[in-house]
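Hi everyone, thanks for making time this morning. Please have a look at the sequence and the fold on the screen, and then I'll walk you through a few spots.

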Amino acid sequence: PWATRALKSEAIRYTACDARSSRSVAERLHEEAALLGPNARSWSTTLVACPNVSSWRDFKTFDHWVAKSPLLDDLEELVSLVAFHPDFMRWRALAEGIGPGSTVLSHYEEADGERSPEPLPATVLSCDAQVVGARRIGLRFLDDGV
């Protein structure tokens with residue numbers, strides 16, 4: 001689903017990155033982003049596989065690097081970065097019994113784009129992808145004053 005338009009228009013580039021360090025991967029990602037610059041076809045996508053950074057075998061280490069690495073800060077201004085990991089489970093499904101009306105704890109996005117430091121209680125309003133988008137749920141935070 002992340003590259004449907006690019007797939008239909010045959011605008012996906014697949015490449016492997018042999019780098020063994022996160023710094024070298026960041027350099028390669030910047031090189032690939034430059035190739036997707038203003039002259040790229042609309043909805044162009046590049047998938048960069050990076051299997052050789054041994055510390056990334058642990059999902060939490062990989063996820064932390066993607067979320068917090070200053071080496072990627074300016075990359076988001078150039079392209080939309082979507083990171084994948086084989087152990088990523090966050091959006092596969094909701095826990096059994098969770099649906100509209102359920103109370104959950106959820107982080108929210110801060111003004112600077114970062115995740116909130118602590119989750120807050122919220123009520124699930126919708127899980128319908130037609131309403132809230134793929135792999136998302138609609139929430140109302142319980143302390144939002146509404």
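Let me start with a quick one: does Y108 count as buried, partly exposed or exposed, and what is its relative accessibility? The answer is partly exposed, because the relative accessibility of Y108 is 33%, and the cut-offs are under 20% for buried and over 50% for exposed. Please keep in mind that this is a predicted model, and we'll come back to Y108 later.

Let's step back to the whole chain. It has 5 helices and 5 strands, and in sequence order they run α-β-α-β-α-α-β-β-α-β. Out of 146 residues, 25% count as buried. If you take the contacts between residues at least 6 apart in sequence, 49% of them join residues at least 24 apart.

Now, the core. As a reminder, nonpolar side chains in soluble globular proteins tend to be buried together. Here, the largest nonpolar core has 15 residues, and those with the most contacts inside it are C17, V25, L29, W56, W65, L72 and L75. Helix 2, residues 22–35, and helix 3, residues 59–68, each supply at least two residues of this core. Which helix gives the most to it? That would be helix 2, with 4 residues.

Look at V25 for a moment. Setting aside neighbours within four places in sequence, V25 is in contact with C17, A19, C50, V53, W56 and W65.

While we're on helix 2, find E32, which is in that helix. Is E32 buried or exposed? With a relative accessible area of 4%, E32 is buried. Not counting residues up to four places away in sequence, E32 touches R13, T15, T46 and V48.

Next, helix 3. F59, F62 and W65 are buried there. Why do we say that these buried residues line one face of the helix? Looking down the axis of helix 3, they fall within an arc of 130°, so they share a face. That fits the usual geometry: an α-helix has 3.6 residues a turn, so residues three or four places apart point the same way. The buried residues of helix 3 pack against helix 2. On the face turned away from the buried side, you'll find the exposed residues K60 and H64.

Now for the rings. The count comes to 3 aromatic pairs. In one of them, the rings of W56 and W65 have centres 4.7 Å apart and planes at 40°, so the pair is tilted. Both of these tryptophans, W56 and W65, are buried. Together with F62, W56 and W65 form one aromatic cluster.

And here is Y108 again, as promised. The rings of Y108 and F141 have their centres 6.0 Å apart and their planes at 80°, so this pair is edge-to-face. The pair links distant parts of the chain, with Y108 in the loop between strand 3 and strand 4, F141 in strand 5, and the two positions 33 residues apart.

That loop holds another residue to click on, E114. At a relative accessible area of 32%, E114 is partly exposed. Beyond its neighbours within four places in sequence, E114 is in contact with A67, K68, Y108 and E109. E114 and A67 are 47 residues apart in sequence, and their C-alpha atoms are 8.3 Å apart in space.

On to the sheet. Three strands form an open sheet in the order 3-4-5, with antiparallel pairing. Strand 3, residues 103–106, and strand 5, residues 138–141, stand at the edges with a single partner strand each, so one side of each has no neighbour in the sheet. On average, neighbouring strands are turned by 50° against each other, direction ignored. Strand 4, residues 120–126, pairs with strand 5 over 4 bridges. Which residue of strand 5 does V124 stand opposite? The residue opposite V124 is L139.

One last stop, P51, in the loop between strand 2, residues 45–49, and helix 3. P51 is exposed, at a relative accessible area of 55%. Leaving aside its neighbours within four places in sequence, P51 is in contact with C17 and R57. P51 and A19 are 32 residues apart along the chain, and their C-alpha atoms are separated by 8.4 Å.

That's my tour, and I'm happy to rotate the model for anyone.

Terms used
Residues are numbered from 1 along each chain as its sequence is written. This is a predicted model: local features need pLDDT of at least 70, side-chain atom pairs count only at pLDDT 80 or more; totals for chains, interfaces and linings use all residues. Side-chain values use heavy atoms; hydrogens and water are left out. A nonpolar core is a set of buried Ala, Val, Leu, Ile, Met, Phe, Trp, Tyr and Cys residues joined through side-chain atoms within 4.5 Å. Buried means under 20% relative accessible area, exposed over 50%, partly exposed in between (1.4 Å probe, protein chains only). Contact means heavy atoms within 4.5 Å. Two strands pair if DSSP finds at least two bridges between them. Axes are lines fitted to C-alpha atoms, for helices over the stretch in contact, and angles run from 0 to 180 degrees between N-to-C directions. The arc is that of the directions from the helix axis to the C-beta atoms. Rings of Phe, Tyr and Trp (its six-membered ring) pair if their centres lie within 6.5 Å; planes under 30 degrees apart count as stacked, over 60 as edge-to-face and the rest as tilted.
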